[in-house]
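The exercises below ask for a careful reading of a structure, and each is followed by a solution in steps. Please work through each task before turning to its solution.

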Protein chains: 2
Amino acid sequence: MFLSKSFGYALRGVLYVALIHKEGRKVQLDEMADKLKVPRHFLAKIMKNMVKEGVLNSTKGPYGGFSLHESTLKTKLISLVKLTDGMAQFNTCVLSLRKCNNENPCPLHLNMLKIRDGMLAEFSSKTLGDLLDEKNPDFIKSISTIA
Amino acid sequence: MFLSKSFGYALRGVLYVALIHKEGRKVQLDEMADKLKVPRHFLAKIMKNMVKEGVLNSTKGPYGGFSLHESTLKTKLISLVKLTDGMAQFNTCVLSLRKCNNENPCPLHLNMLKIRDGMLAEFSSKTLGDLLDEKNPDFIKSISTIA
DNA sequence: TCATTAAAAGACATCTATATCTTTTTTATT
DNA sequence: AATAAAAAAGATATAGATGTCTTTTAATGA
């Protein structure tokens with residue numbers, strides 16, 4: 001796996017909130033879990049973390065739910081990765097060699113560096129808003145249909 | 001993680017056998033587990049699989065151990081990945097969407113395709129022999145020193 | 001043929017990511 | 001103030017990757 005399931009849930013979750021935001025309403029967990037076909041309680045944990053990190057807003061109580069934060073659409077994809085998977089994977093030798101670095105590279109060091117830097121560049125430049133701009137006609141369907 | 005620990009153990013294991021092969025001798029599990037600082041029985045499982053898939057030779061009994069197969073140095077890195085991690089990661093949508101494809105792409109489809117294809121190309125062209133040719137002065141040290 | 005060596009095989013254990021359940025806290029409405 | 005709604009928080013459960021142990025099989029040499 002390149003990225004964890006948690007990352008996938010987080011991204012689909014925040015994009016769903018963004019889509020519903022255009023309709024001028026908040027989103028609640030039950031609706032999200034249902035529409036995105038994601039385990040409710042597991043999604044709750046992930047959404048909570050996004051709120052804590054300032055990627056989303058939430059309000060408790062009746063008519064509460066999740067809504068966009070000023071920063072949501074400006075959030076880089078890499079921030080989501082950091083939140084769900086951590087950044088260790090970009091700095092850890094695939095052969096688990098502690099002393100692997102540019103001066104003392106393992107046999108795969110350069111190969112992996114290239115791949116990782118490509119991914120890092122991609123995810124460091126793209127924002128959540130960018131994904132919404134690249135209009136996919138079946139966008140809402142695409143982030144919903146897991147089955 | 002981009003690749004599993006099993007993959008790292010497999011690669012270091014087979015490269016170690018290749019190095020010792022130049023000294024004209026076979027290698028036994030105890031020596032490998034010791035030198036590579038890898039759990040003996042777990043390494044055994046991985047080595048066994050490589051033998052089964054024809055990446056390495058082995059002989060039982062006294063003076064037995066692991067040795068090179070004609071195909072060892074010609075083995076593509078991707079074959080090792082296939083053996084330890086499987087290929088699903090290259091074909092599965094990171095958002096876990098079953099219907100994600102070129103016709104009906106998820107918001108990250110193109111981004112991931114680029115990254116994956118880069119990795120696939122890299123690992124499909126490089127062989128174990130290539131890694132040994134790119135002479136790293138501290139090569140043996142580098143695949144051994146995990147601590 | 002017998003003892004010894006070493007890999008093969010399979011059963012068992014642990015650890016981490018994933019998933020679920022229950023209780024607590026906050027907010028809104030009456 | 002009382003009730004209800006919904007997220008937050010924390011405890012518990014499951015599954016898959018990782019790691020360990022024991023038994024079996026095959027090869028060697030005396």
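**Burial and aromatic pairs**

A:Phe2 and B:Phe90 are both buried, where buried stands for a relative accessible area under 20%, exposed for over 50% and partly exposed for the range in between, with a 1.4 Å probe and protein chains only. The model is a predicted one, in which local features need pLDDT of at least 70 and side-chain atom pairs count only at pLDDT 80 or more, while totals for chains, interfaces and linings use all residues. Residues are numbered from 1 along each chain as its sequence is written, chains are lettered from A and ligands numbered from 1 in the order in which they are written, and side-chain values use heavy atoms, leaving out hydrogens and water.

**Exercise 1.** Classify the ring pair formed by A:Tyr9 and A:Phe42, and state where its two members lie.

*Solution.* Step one is the geometry: the ring centres of A:Tyr9 and A:Phe42 are 5.7 Å apart and the planes stand at 85 degrees, so the pair is edge-to-face. The rule pairs rings of Phe, Tyr and Trp (its six-membered ring) whose centres lie within 6.5 Å, and calls planes under 30 degrees apart stacked, over 60 edge-to-face and the rest tilted. Step two is the location: the pair links distant parts of the chain, since A:Tyr9 belongs to helix α1 of chain A and A:Phe42 to helix α3 of chain A, 33 residues apart; helices (H or I, at least four residues) and strands (E, at least two) are DSSP runs, numbered from the N terminus. Step three is the accessibility: A:Tyr9 is buried, with a relative accessible area of 10%, whereas A:Phe42 is partly exposed, with 35%.

**Exercise 2.** Describe the surroundings of DNA strand C and its polar contacts with B:Ser58 and A:Lys5.

*Solution.* Begin with the neighbours: 24 residues surround DNA strand C, and the closest are A:Pro39, A:His41, A:Lys45, A:Pro62 and B:Ser58, a residue being near if one of its heavy atoms lies within 4 Å. Sugar and phosphate make up 65% of the atoms of DNA strand C that come within 4 Å of the protein. Then take the individual atoms: a polar side-chain atom of B:Ser58 is 2.9 Å from a phosphate oxygen of DNA strand C, and a polar backbone atom of A:Lys5 is 3.2 Å from a phosphate oxygen of this strand. Both are polar contacts, here pairs of N or O atoms within 3.5 Å.

Conventions
A polar contact is a pair of N or O atoms within 3.5 Å; within protein, one must be able to donate a hydrogen and the other to accept it, and residues adjacent in sequence count only if both atoms are side-chain atoms.
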